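Colleague: I'd like to learn how to read a model like this one, feature by feature. Can we go through it together?

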Amino acid sequence: MDTGGTFTDCVVLEGSEIKILKVFSTPQDSALGILEGVQRLAGGLPIDIIHGTTVGTNSLLERRGGRVALVTTSGFEDLIEIGRQDRPRLYDLDVRRETPIIARSLRWGVRERTTANGRIIVRPQLRDLKRLLSAIRRSGAESIALCFLFSFCNAENERRVAAALRKLGLPISVSHEILPEFREYERLSTVAINAYLAPRLGSYLSRLAKKVSEGFTGQLHLVGPKSKIISGRGHASDRHRSLGQIYVMQSSGGITTAARAAREPVRTILSGPAGGVVATARLAETLGIKRAISFDMGGTSTDVCLLEGPPRTTSETTLAGLPVAVPVLDVHSVGAGGGSVARVDAGGALRVGPESAGAVPGPICYGRGGTRPTVTDANLLLGRLDSDHFLGGAFKLDWRMVDKHFVEFLRGLPRKLRVLSLKSSMSLARGMVDVSNATMERALRLISIERGHDPRDFTLICFGGAGGLHAADLARSMELAGVIVPMHPGAFSALGILLSDIVRDVSQSVLLTVPGKEKMNARSTHPNARLRLFLKNLDRRFEIVEQDARAELSLEHFKIDRVQIERRLAVRYIGQAYELSVPFTPTFPMRFHSEHERAYGYSRPKRPVEIVNLQVRLKLPTSKPSGGEKQPGKHPDPRSAIVKRKPVWFDRKFVPTAIYERQRLGHGMKLKGPAIIVEYSSTTVVPPDFSCRVDEHLNLRLTQNAH
């Protein structure tokens, strides 16, 4: 289940068969949309639910989290408000900072101190803890964030205070458990966000389990005993849970139990987009594509991610102006989706988004009360969406209502703000599509050109309900190698969530200087004696971190005998403020120099190198359908798939265009634009200067015709 701003996408894997369903999201309670999907797709059968959720993200963006009590080292109560000295808008003379998510009256300092090398010089006193508990109890706090200075070096003081605070019976987020890394502000911010989201996400998951379990003979559980689920080609899954277990997608690209997600909701802030990246990486691997860009255009936003092999994660994310230092997939999001609303700014320029009509009231054409022009409405007026074939023909789009409200929108503009080019509803629709494309193009440029990549080397893998409507236009403007529209594009993110592995990411700050002046080159595999001893000590440190993580997985009833472990190091030159992540190998210093050269255009091989963090990923692969079956070639006339013809707007005029039904397009079929390909979950536009081919996996491959 992938809960989006407009639709909740549902994918069921039963044996090797995939079923999909799109239902309107229910912003008032996301669990209701999921319940509808489960009831319509699964009936009364007990199933596992793997959920990509926006509850955490929306709670933070809308500032609707819990009432949090912050407990920190005395004298550092205002760190969450002071933050860093950097200014996000350097030349803005009227900067207005966001209100902290924890009020000043809910911050308490404890007299304690641990030094930077882990030595405890002041221990919390029992009388101080008693006063602290009494004050928090009176405050009406719903959750607690606990973060002491240098607790990543020695967590004894934090453990002692956490044990006392647990007597209050409130959710408690402890920094050495969630993020045992240095940089006190980022660690405090991450722990505060976790505590802020914990009450809402925890109650939501409990409510979801209760609502959905009422439709089953068995019960859905947040935590349950071991059992096996049969999926894929009949192999036993490694999820090893009771029937009816709920899992949640993490921002790092793996799933976890709902119980852990409720304890560490900060790891779910990019839950939905992560599923699309996972599915893109798997498709690219199947097709042998080494360089791809994931392009997910939904109802509220567009999420893009550049892939060269497995998806990369970052620990330098900012959401709602607050740093989040847990690993997340390196996804860039912009407020451009099918539901993005048009407006005219004070200077008379047309703007689209980031505000969205969402599911309620939704775009005008849905007939659910929407009155403001959206990108979906614009595509309908331009003929790119077909009113008779939306959601497989189950939902009729209202073209006349859209035209009426577009005209009213233009009439409602103050005379001094009326744009000369916006003379009719059609001109407004064209302008909205152009502005939306420009916003998404900037996102694609940011992750490619601005990071030193040539977009001509990359294939755009597009999905989401609106992705296929805009992909060809973006491929043309960016000169991309081509476009691939996978099967079931409107539910591709949900499919990625379903195919994700169980993942546990852990880290530990170490701040170790690498023995210098190693005489190694790119071909060297034999470090000197000092470095060999250093590597051996690192290996022991990794083993300790991994042992704790294995124990946690075991407590959650996972079988850890087949766990796969990836070790990485966060490395920097001594004196730098930020680091790069490289695999832990004997030649990691050379790899770091190479990565630094690629990322920043220079390297300093003679400069001392420092290891900042140990990073470990534990992965339990889940059973999956093979997904690699090739379809037999078919070469009948593609005109057999035409369901109607109509005029569609291309390049400043309406052009007679054939509408194809995707289910009738088989492997080997080719068609030239202009064409519109409709299916249940999405629509794909093939402009006049593009051609489309159906490959052996039934993906649509769009390429621009040679001039």
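**Sheets, cysteines, backbone and salt bridges**

Modeller: Let's start with one pair: I144 stands opposite I172, which is in strand 10. Strand 9 (residues 143-147) and strand 10 run parallel and are joined by three bridges. Strands and helices here are DSSP runs numbered from the N terminus, E of at least two residues for a strand, and H or I of at least four for a helix. Two strands pair if DSSP finds at least two bridges between them.

Colleague: Before we go on, what kind of model is this, and which limits apply?

Modeller: This is a predicted model, where local features need pLDDT of at least 70 and side-chain atom pairs count only at pLDDT 80 or more, while totals for chains, interfaces and linings use all residues. Residues are numbered from 1 along each chain as its sequence is written, and side-chain values use heavy atoms, with hydrogens and water left out.

Colleague: Which strand order does the sheet with parallel pairing have, and which strands are at its edges?

Modeller: In general, strands of a sheet pair through backbone hydrogen bonds, either parallel or antiparallel. Here, four strands form an open sheet in the order 6-5-9-10, with parallel pairing. Strand 6 (107-110) and strand 10 (172-174) are the edge strands, each pairing on one side only. On average, neighbouring strands of this sheet are turned by 20° against each other, direction ignored.

Colleague: Which strands does helix 4 touch?

Modeller: Helix 4 (residues 126-139) packs on the sheet and touches strand 5 (68-73), strand 6 and strand 9, its direction making about 175° with that of strand 6. Helix 5 (residues 156-165) packs on the sheet too, touching strand 5, strand 9 and strand 10, at about 165° to the direction of strand 9. Touching is contact, meaning heavy atoms within 4.5 Å. For the angles, axes are lines fitted to C-alpha atoms, for helices over the stretch in contact, and values run from 0 to 180 degrees between N-to-C directions.

Colleague: What about the sheet of strands 1, 2 and 3: how are they paired?

Modeller: That open sheet has the order 1-2-3 with antiparallel pairing. Strand 1 (2-3) and strand 3 (17-24) each have a single partner strand, so one side of each has no neighbour in the sheet. Two bridges join strand 1 to strand 2 (residues 7-14), and D2 has D9 of strand 2 as its bridge partner.

Colleague: Now the cysteines. How many disulfides does the structure hold?

Modeller: A disulfide is a covalent bond between the sulfur atoms of two cysteines. The cut-off used is a pair of cysteine sulfur atoms within 2.5 Å. This structure holds zero disulfides. For C147, the nearest cysteine sulfur is that of C153, 12 Å away. For C305, the nearest is that of C462, 15 Å away.

Colleague: Is C305 buried or exposed?

Modeller: C305 is buried, at 1% relative accessibility, and C147 is buried at 4%. Buried means under 20% relative accessible area, exposed over 50%, and partly exposed in between (1.4 Å probe, protein chains only).

Colleague: Which peptide bonds are cis?

Modeller: Most residues other than glycine have a negative phi, and most peptide bonds are trans. Here, the bond from G353 to P354 is cis, with omega near 5°, and P354 is in strand 23 (residues 350-356). Another cis bond joins G673 and P674, with omega about 5°. As for phi, R183 is not a glycine, yet has a positive value of about 75°. R183 is buried at 16%. D651 also has a positive phi, near 50°, but is exposed at 63%.

Colleague: How many salt bridges does the structure hold?

Modeller: A salt bridge is a side-chain nitrogen of Lys or Arg within 4 Å of a carboxyl oxygen of Asp or Glu. The structure holds 40 of these salt bridges. Among them, D330 and R451 meet at 3.0 Å, N to O, and link distant parts of the chain, 121 residues apart. R567 and E546 form another, with the closest N and O atoms 2.5 Å apart. R567 lies in strand 27 (residues 564-573) and E546 in helix 15 (residues 529-555), so the pair ties together parts 21 residues apart in sequence.
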